[in-house]
Amino acid sequence: MRNWSVRRCAAMVAWVALVGCGTACTNFYEEAYLSLTDPALATTGTGSTTTTIDPGCVPAGSDKPIADTCGVFVSSSKGNDMTGEGTKEAPFATLGKALASANGQPVYACAETFTEAITLEQDATIYGGFDCAAEWTYAGETTKTTWTAAADEVPLYVVIGARATIQDVALVAADATKAGGSSIAVISQAGTQLALSHCDVTAGNGAKGVEGETPAGTGTVGADGNDGKDGCLNIDDLTGGKGGQTTCDAIDVSGGLGGSGTSTSAGGPGGNGQPDDGTNGLGGLPQKESGPSACTNGGDGAAGLTGEPGAGASSNATGSLTPNGYTGASGSDGTSGGTPGQGGGGGGGAKKCAMPMPPNNNAGPSAGGGGAGGCGGAPGKGGGPGGASIALMSLGAKLTFVSTTLTAKAGGQGGDGGAGQPGGDGGKGGKAGSNGGDMTSVACAGGSGGKGGAGGRGGGGRGGPSVGIAYIGEAPDVKGATITPGTPGDGGAGDGAMGAGAMGAAAMTQQF
């Protein structure tokens with residue numbers, strides 16, 4: 001153990017010489033790591049209160065067993081937070097209980113697994129890597145204490161003003177499970193000091209982003225046209241069925257009026273659907289005694305157009321870091337709703353009837369009105385960002401490393417953009433009135449209204465990043481750290497290439 005300690009000390013002396021960060025760095029180094037180079041001067045404490053650590057209480061600096069008087073002991077397998085005393089014979093069961101009872105003394109943890117998310121608000125020193133089956137023998141050279149937390153939780157969160165020294169601990173974040181959730185092993189706020197020696201800090205996989213929503217239902221359905229009136233009953237002319245009446249965002253898309261049934265030699269023509277812009281259904285031709293003798297149905301209105309889609313999240317949108325974690329970039333909502341379908345034309349009306357005999361001039365049946373167009377659907381929502389995989393997140397903390405690895409895994413895929421709401425169906429054309437069996441007098445049906453266009457699709461969210469150290473402020477000093485990023489998340493799908501979200505970033509360190 002002595003030879004191992006000497007090697008560790010020599011490495012740290014060289015580290016201090018290389019850093020060259022002045023008095024502030026040297027003071028932090030002394031408080032965090034002097035126990036490994038000169039155990040007699042090891043200290044820990046909060047604020048201006050400093051407690052000297054006996055050389056025999058430093059695992060890497062002494063061949064002697066750690067005494068009960070050195071600090072607080074914790075074992076997840078043998079400890080008990082209710083009856084434990086924090087001693088080797090009666091350890092606590094959780095790191096949280098041990099830290100709360102330490103009062104400035106070190107916490108000694110068995111090389112076991114602790115599953116708990118801890119918010120550290122006071123200074124702390126944690127030594128891991130003890131073989132509790134062998135009377136708390138220090139085994140940090142070959143084995144570490146594992147500190148993890150439930151999915152979607154951060155194992156260690158260091159609050160403003162706290163200083164933490166951690167040795168021989170593997171901090172492991174579980175894979176995120178909430179949509180768009182990130183996996184972050186450590187968050188250290190501004191005004192904190194975090195020293196990691198011979199630790200492994202590992203993030204899990206970020207989760208896929210929230211899927212963009214498609215608005216419920218459809219656009220407003222167009223009203224049906226009214227049926228024509230029955231003919232061959234008397235000499236009075238019969239008005240055609242009224243077209244279905246619908247307005248979409250102040251745009252009239254009503255169906256055309258059905259043609260009249262008349263007591264003359266020609267029925268009335270059907271009216272055009274609205275709006276009269278060339279894509280509406282045209283009114284049907286009336287029945288005549290000469291020329292084309294048959295009436296025609298009203299024309300169907302044209303369908304509406306699909307709305308403009310939203311853009312995918314850009315690669316320039318890096319996201320942000322806050323005390324709550326990482327927030328990525330969502331895709332844009334669809335730019336516009338679909339346009340409405342056009343109104344159907346009214347059918348052509350019938351001429352006079354041949355029956356009864358004489359005088360052969362009863363009015364024929366009238367035609368059905370055109371169906372109204374359906375309204376366009378609302379645009380879809382943009383997809384959410386993929387969750388990040390971040391080993392350590394610094395909000396301006398002072399970080400120091402000795403022989404520590406930081407590993408990120410896969411960022412989450414961005415959420416797909418939501419489809420636009422379907423447009424409303426067009427109304428049905430009205431039926432022609434009955435001729436009572438007089439096949440010499442026939443009216444026609446109204447045309448159907450066009451279906452409204454679907455709303456524009458939302459853009460895809462950006463893929464989640466995979467970063468060893470994500471930070472704000474000045475770049476951290478990474479001497480003594482081995483950093484391995486993972487795979488960035490793919491962007492979420494949208495409407496074509498412009499609607500797809502950008503892939504996330506992968507980096508050893510990245511500023512946000």
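Which residue in β22 does V201 stand opposite? The partner is L406. This model is predicted, and that pair of residues is a good place to enter it.

V201 sits in a strand pairing that can be traced residue by residue. Strand β15 covers residues 200–202, and strand β22 covers residues 404–407. The two run parallel and are joined by 3 bridges. Beside the V201 pair, D200 has T405 in β22 as its bridge partner. Strands of a sheet pair through backbone hydrogen bonds, either parallel or antiparallel.

Now step across β22. On to β24, the pairing is again in the parallel sense, over 4 bridges. T405 has T482 in β24 as its bridge partner. T405 therefore has a bridge partner in β15, D200, and another in β24, T482.

These strands belong to an open sheet of 6 strands. Its order is β5-β9-β12-β15-β22-β24, and the pairing is parallel. The edges are β5, residues 113–115, and β24, residues 481–484. Each edge strand pairs on one side only. Neighbouring strands are turned by 15 degrees against each other on average, direction ignored.

Which residues of β22 lie on the covered face, and which on the uncovered one? T404 and L406 are on the covered face. T405 and T407 are on the uncovered face. In a regular strand the side chains alternate between the two faces of the sheet.

L406 leads on to the interior. The largest nonpolar core has 38 residues. L406 is among those with the most contacts inside it, together with W147, L156, I166, L194 and L392. Helix α3, residues 95–102, gives the most to this core, with 4 residues.

W147 deserves a look of its own. Leaving aside neighbours within four places in sequence, W147 touches a long list of residues, including L95, F114, E116 and I118. L156 and I166 are also in contact with W147. A second, separate core has 13 residues, including A388, I390, L395 and F512.

Next come the covalent links. A disulfide is a covalent bond between the sulfur atoms of two cysteines. The count here comes to 5 disulfides.

Take C232 and C353. Their sulfur atoms are 1.9 Å apart. The torsion about the S-S bond is about -90 degrees, so this disulfide is left-handed. The pair links distant parts of the chain, 121 residues apart. C232 is in the loop between β15 and β16, and C353 is in the loop between β19 and β20. C232 counts as buried at 16% relative accessibility. C353 is buried as well, with a relative accessible area of 2%.

C248 and C375 form another disulfide, with sulfur atoms 1.9 Å apart. The torsion is about -85 degrees, so this one is left-handed. C248 lies in strand β16 and C375 in the loop between β19 and β20, so parts 127 residues apart in sequence are tied together. Both C248 and C375 are buried.

C295 and C444 are joined too, S to S 1.9 Å. Here the torsion is about 85 degrees, so the disulfide is right-handed. C295 lies in the loop between β17 and β18, and C444 in the loop between β22 and β23, so the pair ties together parts 149 residues apart in sequence. C295 counts as buried at 12% relative accessibility, and C444 does at 9%.

Charged side chains add further links. Side chains of opposite charge can pair when their charged atoms come close. The count comes to 6 salt bridges.

R163 and D123 meet in one of them, at 2.9 Å, N to O. R163 lies in strand β11 and D123 in the loop between β6 and β7, so the pair ties together parts 40 residues apart in sequence. Is D123 buried or exposed? D123 is buried, with a relative accessible area of 8%.

K381 forms a salt bridge with D333, the closest N and O atoms being 3.7 Å apart. Both residues lie in the loop between β19 and β20, so the pair ties together parts 48 residues apart in sequence. K381 is partly exposed, at 41%, and D333 is partly exposed, at 39%.

D477 and K479 also meet in a salt bridge, at 3.9 Å, N to O. Finally, K208, E211 and D416 are linked in a network of salt bridges.

Key. Residues numbered from 1 in each chain as written. Predicted model: local features only at pLDDT ≥ 70, side-chain atom pairs only at ≥ 80, totals over all residues. Heavy atoms only, no water. Pairing = 2+ DSSP bridges. Axes fitted to C-alpha atoms, helices over the stretch in contact; angles between N-to-C directions. Core = buried A, V, L, I, M, F, W, Y, C linked by side-chain atoms within 4.5 Å. Buried < 20%, exposed > 50% of the residue type's maximum accessible area, 1.4 Å probe, protein only. Contact = heavy atoms within 4.5 Å. Disulfide = S-S within 2.5 Å. Salt bridge = Lys/Arg side-chain N within 4 Å of Asp/Glu carboxyl O.
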